[in-house]
Amino acid sequence: MSNTVHFQARGRTVVGCTLLVIALGASVIACSGDDDNPLSAAPYDAAGQISFNGPKEAGEKADPDQPLEVVAEGADGRITDVTAMDAAGRHVAGELSADGARWHSTSPLAAGARYTVRVSTEDGDGAPGRKVLTFETGRPTAKKTLDVSFGPEAGAYGVGQPVTAELSLPVRDPAQRTIVERALKVDSTPAVEGAWYWVDDKKLHYRPKEYWPAHATVQVRSTLDGIKVGDRMWGGTAEPLTITTDDHVVAVTDAAAHTLTVYRDGEEIRQIPVTAGKPGFETRNGVKVVLGKEPFVRMRSSTVGIAEGSSESYDLPVYFATRVTWSGEYVHAAPWSVGSQGMANVSHGCVGMSTASAEWFFDTFQEGDLVEVVNSDGETMESFGNGFGDWNLDWTEWRTGSALTGGNPNATDPQEAARLRPTAV
């Protein structure tokens with residue numbers, strides 16, 4: 001990919017000098033003319049018009065974390081071309097301003113590298129000048145800090161609530177992920193087996209093998225502060241988190257039987273006639289986690305891609321709405337479909353019930369409680385991205401998302417082996 005920016009020689013301007021400033025600063029090691037300039041066999045030597053603004057002492061090196069910048073000071077001349085390349089032949093991409101007054105790098109420099117910068121200029125008469133500069137980069141003076149934010153907020157939740165970790169910087173390297181994951185500690189009382197899953201380069205989810213125990217205390221913390229994660233990346237701070245769980249509450253919606261059955265700590269406490277998604281709008285199968293509750297929601301078909309004025313369009317006030325996906329799936333009051341509840345599926349994907357039942361459901365369920373749908377013709381709830389579908393991955397699949405197992409669900413983190421599997425005596 002070319003990193004050279006060319007400009008056509010312009011008309012006459014006021015004759016003057018061109019000043020080269022490299023903001024990252026380094027001493028001049030070599031400079032020379034270049035007879036290959038296409039505009040002249042002998043461009044003038046711009047040595048008296050170009051200078052470095054940086055360290056002056058021998059042996060000092062440029063900071064690779066600082067951008068490379070070339071500036072033409074004054075109105076008498078301009079930069080026409082800049083190329084920067086290291087000894088390995090890797091070019092530094094850059095941008096030249098339209099007036100030729102400034103060029104700056106747009107790709108990072110490497111640490112511990114030797115660079116050659118070739119700058120072409122022209123004076124007011126269009127005569128070309130040339131300067132070749134070389135410099136070396138040292139180790140970076142600035143560190144990148146990898147901070148962690150845990151979720152959800154402190155408080156009480158249902159037994160299905162995953163723990164989340166948001167990283168301030170992306171981590172892609174497997175070895176670096178191992179360092180990060182090993183430092184993210186989750187302890188529960190009673191103790192359970194659990195694991196982190198890398199959802200993407202900046203987000204992790206943690207869940208137990210089974211649901212959290214009822215009335216458990218879950219403490220989350222990071223020991224990453226001050227730990228070197230990788231080149232120029234060091235672990236930063238993280239506020240610890242404590243959450244608790246309440247009763248084990250789960251609702252099972254059987255879309256074929258048109259019923260929703262609620263269980264508390266394994267005991268059935270209520271069965272409710274419902275309607276689920278009709279053909280073409282089937283409710284997602286699988287386990288979902290309650291994301292929040294909204295006493296009133298205005299539901300409009302246009303927000304889910306149904307054209308206004310079409311036979312399927314709607315615009316309805318909805319009460320006692322318990323959200324289970326970010327895309328708009330709720331358990332809610334649907335007084336307009338009471339005649340179909342317990343008999344047929346007529347909704348656009350939500351689970352509808354009478355207003356009285358929806359109010360009871362709204363008061364009974366909280367964030368982290370579980371809502372499972374079975375026997376629907378819909379697809380299975382997404383594992384990530386549309387709420388918490390984490391429980392739709394079985395434990396073997398979940399373990400493959402951990403950096404500590406390297407994709408092997410049967411592997412054990414070496415540092416944890418002694419604690420998990422003590423040798424019998």
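This report walks through the cores, strand pairs, sheet and salt bridges of one predicted model.

## The nonpolar cores

The largest nonpolar core has 33 residues. Seven of its members touch the most other members: Leu146, Phe150, Val163, Leu167, Val180, Leu184 and Trp196. Strand β11 spans residues 163-167. With three residues, β11 gives the most to this core. A second core stands separate from it and holds 18 residues. Ala333, Phe361, Phe365 and Val371 are among them.

Phe150 is a good place to look into the first core. Leaving aside residues up to four places away in sequence, Phe150 touches Thr164, Ala165, Leu184 and Trp196. The list of its contacts also includes Val220, Arg221, Ser222, Ala238, Glu239 and Leu241.

## A four-strand sheet and its helix

One open sheet has four strands, in the order β10-β18-β15-β12. The pairing in this sheet is mixed. Its edge strands are β10 (155-157) and β12 (184-189), and each of them pairs on one side only. On average, neighbouring strands are turned by 25 degrees against each other, direction ignored.

Inside the sheet, β15 (residues 217-222) and β18 (residues 241-245) run antiparallel, joined by four bridges. One pairing to find is Val218, whose bridge partner in β18 is Ile243. Helix α1 (residues 174-183) packs on the sheet. This helix touches β12 and β15, and its direction makes about 30 degrees with that of β12.

## The β6-β7 hairpin

Strand β6 covers residues 114-122, and nine bridges join it to β7. The two strands run antiparallel. Thr121 has Gly129 of β7 as its bridge partner. Five residues lie between the strands of this hairpin. In the turn, Gly126 has a positive phi of about 85 degrees.

Is β7 enclosed by the rest of the structure or not? Eight of the nine residues of β7 (residues 128-136) are buried, so the strand is largely enclosed.

## Strand β19 and its two partners

Strand β19 (residues 249-254) pairs with β20 (residues 259-264) in the antiparallel sense, over six bridges. Ala251 stands opposite Val262 of β20. The hairpin of β19 and β20 has four residues between the strands. In this hairpin, His258 takes a positive phi near 60 degrees.

Strand β19 is also joined to β27 (residues 370-374). Here there are five bridges, and the strands run parallel. Thr253 stands opposite Val373 of β27.

## Salt bridges across the sequence

The model has a count of 14 salt bridges. One of them pairs Lys203 with Glu166, and their closest N and O atoms are 3.7 Å apart. Lys203 lies in strand β14 (residues 203-208) and Glu166 in β11, so this pair ties together parts that are 37 residues apart in sequence. Lys203 has 27% relative accessibility and counts as partly exposed. Glu166 is partly exposed too, at 35%.

Arg221 and Asp187 form another salt bridge, with an N to O distance of 3.9 Å. This pair links distant parts of the chain, 34 residues apart: Arg221 is in β15 and Asp187 is in β12. Arg221 counts as partly exposed, at 40% relative accessibility. Asp187 is partly exposed, with a relative accessible area of 40%.

## A salt-bridge network

What do the side chains of Glu382 and Arg284 form where they meet? They form a salt bridge, at 3.3 Å from N to O. Both residues sit in loops. Glu382 lies between β27 and α3 (395-399), and Arg284 lies between β21 (267-273) and β22 (286-289), so the pair ties together parts that are 98 residues apart in sequence.

Glu382 has a relative accessible area of 33% and is partly exposed. Arg284 is partly exposed as well, at 23%. Salt bridges that share partners bring Arg284, Lys288, Glu329 and Glu382 into one network.

Technical notes: Residues numbered from 1 in each chain as written. Predicted model: local features only at pLDDT ≥ 70, side-chain atom pairs only at ≥ 80, totals over all residues. Heavy atoms only, no water. Core = buried A, V, L, I, M, F, W, Y, C linked by side-chain atoms within 4.5 Å. Buried < 20%, exposed > 50% of the residue type's maximum accessible area, 1.4 Å probe, protein only. Contact = heavy atoms within 4.5 Å. Pairing = 2+ DSSP bridges. Axes fitted to C-alpha atoms, helices over the stretch in contact; angles between N-to-C directions. Salt bridge = Lys/Arg side-chain N within 4 Å of Asp/Glu carboxyl O.
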